[in-house]
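Here's a quick tour of some aromatic rings, the core around them and a pocket close at hand in the discussion. Have the structure open as you read.

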Amino acid sequence: MFMIAVTPVVLLWAAFPVLNESYRDYRLPFSAWYPLSTDTSPAYEIIYFHQVMGIFIAGIATVNIDMLISALLMYIGAQYDILCDYLKNLGHFNADDYEKHLIKAIKHHKEILRYYISS
């Protein structure tokens, strides 16, 4: 789903100078300073390609970072769901096992918090 949002943005950024015909004035997709003249033909195409590839790599990096954060949040949420289910079913144990299972649930909760706080 993230790639569906990123692909049109990257394509439009790459095609914008062509769509508004500013390529005739040697305008690049992004304003930047280069130590060479961008008004000459081979340098303009190379820098244009460089900017388009930079946009593409930035889009891919953004998608991957968003997916990593989403996966980590889903993992933490799943751990909390397991803990809640475990605590709900704690009443089904007899008196001797209750304390042992309660301590196990508390240790599990502390482990979740340790991973959550460190990330």
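Rings of Phe, Tyr and Trp count as a pair if their centres lie within 6.5 Å. In this predicted model, a search of the whole structure turns up two such pairs. The table sets them side by side.

| Pair | Centre to centre | Angle between planes | Type |
|---|---|---|---|
| Tyr26 and Tyr44 | 5.1 Å | 85° | edge-to-face |
| Tyr44 and Tyr48 | 5.8 Å | 45° | tilted |

Put together, Tyr26, Tyr44 and Tyr48 make one aromatic cluster. The Tyr26 and Tyr44 pair ties together distant parts of the chain: Tyr26 sits in the loop between H1 and H2, while Tyr44 is in helix H2, 18 residues apart. Tyr44 and Tyr48, on the other hand, are both in helix H2, four residues apart, or about one turn of the helix. As for burial, Tyr26 has 31% relative accessibility, so it counts as partly exposed, whereas Tyr44 is buried at 6%.

Tyr44 and Tyr48 also belong to the largest nonpolar core, along with Ala14, Leu28, Ile47 and Val52. Helix H2 (residues 41-88) supplies the largest share of this core, four residues. Leu28 has contacts beyond its sequence neighbours, including Tyr44, Ile47, Tyr48 and Thr38.

Thr38 is in the loop between helix H1 (2-19) and H2, and at 17% relative accessibility it counts as buried. Its contacts further along the chain include Tyr26 and Tyr44.

Which residues line the second largest pocket? Among them are Tyr26, Leu28 and Thr38. The lining has seven nonpolar, four polar and one charged residues, and the pocket holds about 180 Å³ of space.

Conventions. Residues numbered from 1 in each chain as written. Predicted model: local features only at pLDDT ≥ 70, side-chain atom pairs only at ≥ 80, totals over all residues. Heavy atoms only, no water. 1 Å grid on protein atoms, 1.4 Å probe; cavity = no way out; pocket = protein on both sides within 12 Å on 5 of 7 lines; lining within 4 Å. Points joined across faces, edges and corners; volume = space filled by probe spheres on them. Nonpolar A, V, L, I, M, F, W, Y, C, P; charged D, E, K, R; others polar. Core = buried A, V, L, I, M, F, W, Y, C linked by side-chain atoms within 4.5 Å. Buried < 20%, exposed > 50% of the residue type's maximum accessible area, 1.4 Å probe, protein only. Helix = DSSP H or I, 4+ residues; strand = E, 2+ residues; numbered from the N terminus. Contact = heavy atoms within 4.5 Å. Phe/Tyr/Trp six-rings, centres within 6.5 Å; stacked < 30°, edge-to-face > 60°. Lists of a residue's contacts leave out its neighbours within four places in sequence.
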